[in-house]
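Trainee: I am new to this structure and would like a close look at a single part of it. Please take one residue and the helix that follows, and describe what surrounds them.

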Amino acid sequence: MFVDGGRHEHASNVVNFLKTVGVKKIDILWGSHPDWNHIQAQAEILKNFQVDKLYSSVDYTTCVSEKKCKSDDVKYIKDEVKRQGKKVNVLYPGDTLSIGDFTFYIIGPNVSKYTTNTNASSLVWIMSYGNRKYMFTGDMEEKQAKTDALLSSAKKAGLLNIKADVFKYPHHGYQSLSKTFFNAISPKYVIVPDHKSCSSFKGGSTLGDLNIPYYRLCKHSNILITSDGESLNVKQDVNLDNYKFN
């Protein structure tokens with residue numbers, strides 16, 4: 001599974017990274033939401049790798065006419081999806097997917113209507129593998145980070161709580177999330193994709209008060225999480241030569 005990918009002008013970096021670690025096939029290409037700095041590079045991923053299925057919060061080929069995204073956001077990816085005749089599988093809160101040994105529980109977005117404010121319509125999901133869970137959040141905004149709404153969708157999807165061992169901090173670290181929210185998630189580790197500026201992260205004091213370890217991309221590269229479904233390990237500044245797919 002590969003999530004998002006970034007801007008189109010950085011697509012070669014993403015493609016080269018995947019080739020470096022030995023990826024030849026992608027089972028799921030996942031778009032958290034149709035923002036240009038998240039999904040434009042997926043056009044080049046589709047060109048360079050066999051991709052079985054695409055999942056997103058919207059259909060890239062129709063979201064502009066439906067006023068659920070902006071044309072610049074889906075530039076490149078929309079054309080490549082059409083060229084290859086791919087189907088974009090749209091997911092909604094309460095949906096559940098079982099793929100191999102993994103189960104995906106869709107618990108967001110918490111919005112009444114999808115608009116061109118695509119951050120608010122970011123998919124939020126919990127990935128379960130063995131006894132470990134991981135929460136992905138896209139660019140979820142603070143007002144969508146409501147524990148009662150997320151828990152309601154989780155129960156609809158078959159989860160009794162929204163606890164996750166690893167939490168991907170939303171929106172590049174820009175959002176302020178409450179202690180109540182983190183107490184509901186109870187993460188063992190938090191990953192913060194604040195790669196552009198170390199001054200943008202708004203969650204440091206909250207996570208510090210709660211004694212939750214967090215890893216930031218503005219300070220470290222190649223953050224690697226490994227698990228066999230029981231053990232869970234996080235490393236940073238990893239040498240990719242030591243981790244290649246067969």
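Mentor: Ala145 lies in the loop between β8 (132–136) and α5 (147–157); helices (H or I, at least four residues) and strands (E, at least two) are DSSP runs, numbered from the N terminus. This is a predicted model, in which local features need pLDDT of at least 70 and side-chain atom pairs count only at pLDDT 80 or more, while totals for chains, interfaces and linings use all residues. Residues are numbered from 1 along each chain as its sequence is written, and side-chain values use heavy atoms, with hydrogens and water left out.

Ala145 has a relative accessible area of 11%, so it is buried (under 20% relative accessible area; exposed is over 50% and partly exposed in between, with a 1.4 Å probe and protein chains only). Leaving aside residues up to four places away in sequence, Ala145 touches Met140, Leu150, Leu177 and Phe181, where contact means heavy atoms within 4.5 Å. Gly108 is 37 residues from Ala145 in sequence, and their C-alpha atoms are 9.0 Å apart.

One of those contacts, Leu150, is buried in α5, as are Ser153, Ala154 and Ala157. Seen down the axis of α5, its buried residues fall within an arc of 105°, so they line one face of the helix; the arc is that of the directions from the helix axis to the C-beta atoms. The cover over these buried residues includes β5 (96–99), β6 (102–108) and α6 (179–185). On the other side of α5, Asp148, Lys155 and Lys156 are exposed. After α5 comes Gly158, with a positive phi near 110°.
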